[in-house]
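Hi,

Here is the structure I promised to pass on. Have a look at it first, and then read my notes underneath.

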Amino acid sequence: MKLMNKIGVFGLLLLIMSCSTNPFTGKQTMALVPNTQLFPTAFQQYNQVLSQSKVIKGTAQSEMIKRVGQRISIAAERWLNANGYEGYLNDYKWEYNLIDDKTVNAWCMPGGKIVFYTGILPIAQSETGVAAIMGHEVAHALANHGQQRMSADYIQQGVAMAGNIAIQNDNDREAFNQYYGIGSQVGVMLPFSRSHETEADKIGLILMAMAGYNPSEAAELWKRMKANSGGGAPPEILSTHPSNDSRIQEISSLVPMAVAEAKKFGVTSFRPITKF
């Protein structure tokens, strides 16, 4: 048993030492699951979602989703190349699909597989609103947030397993599981997720501005998101996302930064905001 414990601890340390660099922050991030493994799994899951959904093809809205996605992905490549990350997107397989579903959501899987649900379009209201959403979702993929969340989950589970092995007393083990479960979730995992949302907001603003869309519309989008939620969101400390008010305030403060960044790439004006 002692040998197995040592092997387990050594394996955990090896996992923790696995890391990659976030190109947008320069920080080292957890990467226990390599993209060579993550991307094929994501692509398979994406195809499964499409096969089970009503994918809209050939309409003005579906073509608009593709157009915005392509502009955002081009902006991402330009930014990455200019900042020393040539080839960063080589393994990405960009795809943009609109699904007929009332769900108010959109997402981008690792590797660039994107879905918009028709339910979010009334809140987007315009192509610029779509660009704000697209930039945010693409930013999650570019910053490897999915990879980091998986890595954090593995570490959380590994520590829990180690604790249960080390604690021999049943009562102590039960107390550990209770307090560790709550403490690690509220004190570590949820703040970790909220930091990803804030990071994706910032990156997304840069990408939409570089793609020619007015980044000031992102704050207006989140005002509409807040209105749509009806005030039913949980307290920020218990949520995976920052509160709507915090988000609107932070995004508004970052707009000048995004405009200045876009100017570095020759973008000095933005497309008009025209509602659907």
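**What I found**

Val-49 is partly exposed, with a relative accessible area of 24%. The cut-offs help here: under 20% would be buried and over 50% exposed, so 24% lands in between. You'll find Val-49 in helix α2, which covers residues 35-51. If you skip the neighbours within four places in sequence, Val-49 is in contact with Ile-99 and Trp-107. Try picking out Val-115 as well: Val-49 and Val-115 are 66 residues apart along the chain, but their C-alpha atoms are separated by 9.4 Å.

Before you go on, keep in mind that this is a predicted model. The mean pLDDT of the protein is 85, and 79% of its residues reach 70 or more. Over residues 1-11, though, the pLDDT is below 50, and that stretch has one contact in the model beyond near neighbours in sequence. Where pLDDT is low, the predicted coordinates shouldn't be read in detail.

Now for a pair of helices. How do α3 and α5 cross? The axes of α3 (residues 60-82) and α5 (residues 127-142) come within 9 Å, at a crossing angle of roughly 50°. That angle is why α3 counts as oblique to α5. The crossing of α3 past α5 is right-handed. On the α3 side, the residues that meet α5 include Met-64, Ile-65 and Val-68, while Val-130, Ala-131 and Met-134 are among those on the α5 side. Sorted by type, the residues of this contact come out as ten nonpolar, two polar and three charged.

While you're at α5, look for Thr-128, which sits in that helix. Is Thr-128 buried or exposed? Its relative accessible area is 2%, so Thr-128 is buried. Not counting residues up to four places away in sequence, Thr-128 touches Met-208, Tyr-213, Asn-214, Glu-217, Arg-271, Pro-272 and Ile-273.

One more pair to try is α8 (residues 217-229) with α9 (residues 244-263). Their axes are 9 Å apart, and the helices pack at an angle of about 175°. α8 and α9 are therefore roughly antiparallel to each other. Among the α8 residues that meet α9 are Ala-218, Trp-222 and Lys-226, and the α9 side includes Asp-245, Ile-248 and Ser-252. This contact of α8 with α9 divides into five nonpolar, three polar and four charged residues.

Cheers

Definitions and conventions: Residues numbered from 1 in each chain as written. Predicted model: local features only at pLDDT ≥ 70, side-chain atom pairs only at ≥ 80, totals over all residues. Heavy atoms only, no water. Axes fitted to C-alpha atoms, helices over the stretch in contact; angles between N-to-C directions. Helix = DSSP H or I, 4+ residues; strand = E, 2+ residues; numbered from the N terminus. Parallel < 35°, antiparallel > 145°, perpendicular 65-115°, else oblique. Left-handed = near helix turned anticlockwise from the far one by under 90°. Contact = heavy atoms within 4.5 Å. Nonpolar A, V, L, I, M, F, W, Y, C, P; charged D, E, K, R; others polar. Buried < 20%, exposed > 50% of the residue type's maximum accessible area, 1.4 Å probe, protein only. pLDDT = per-residue confidence, 0-100.
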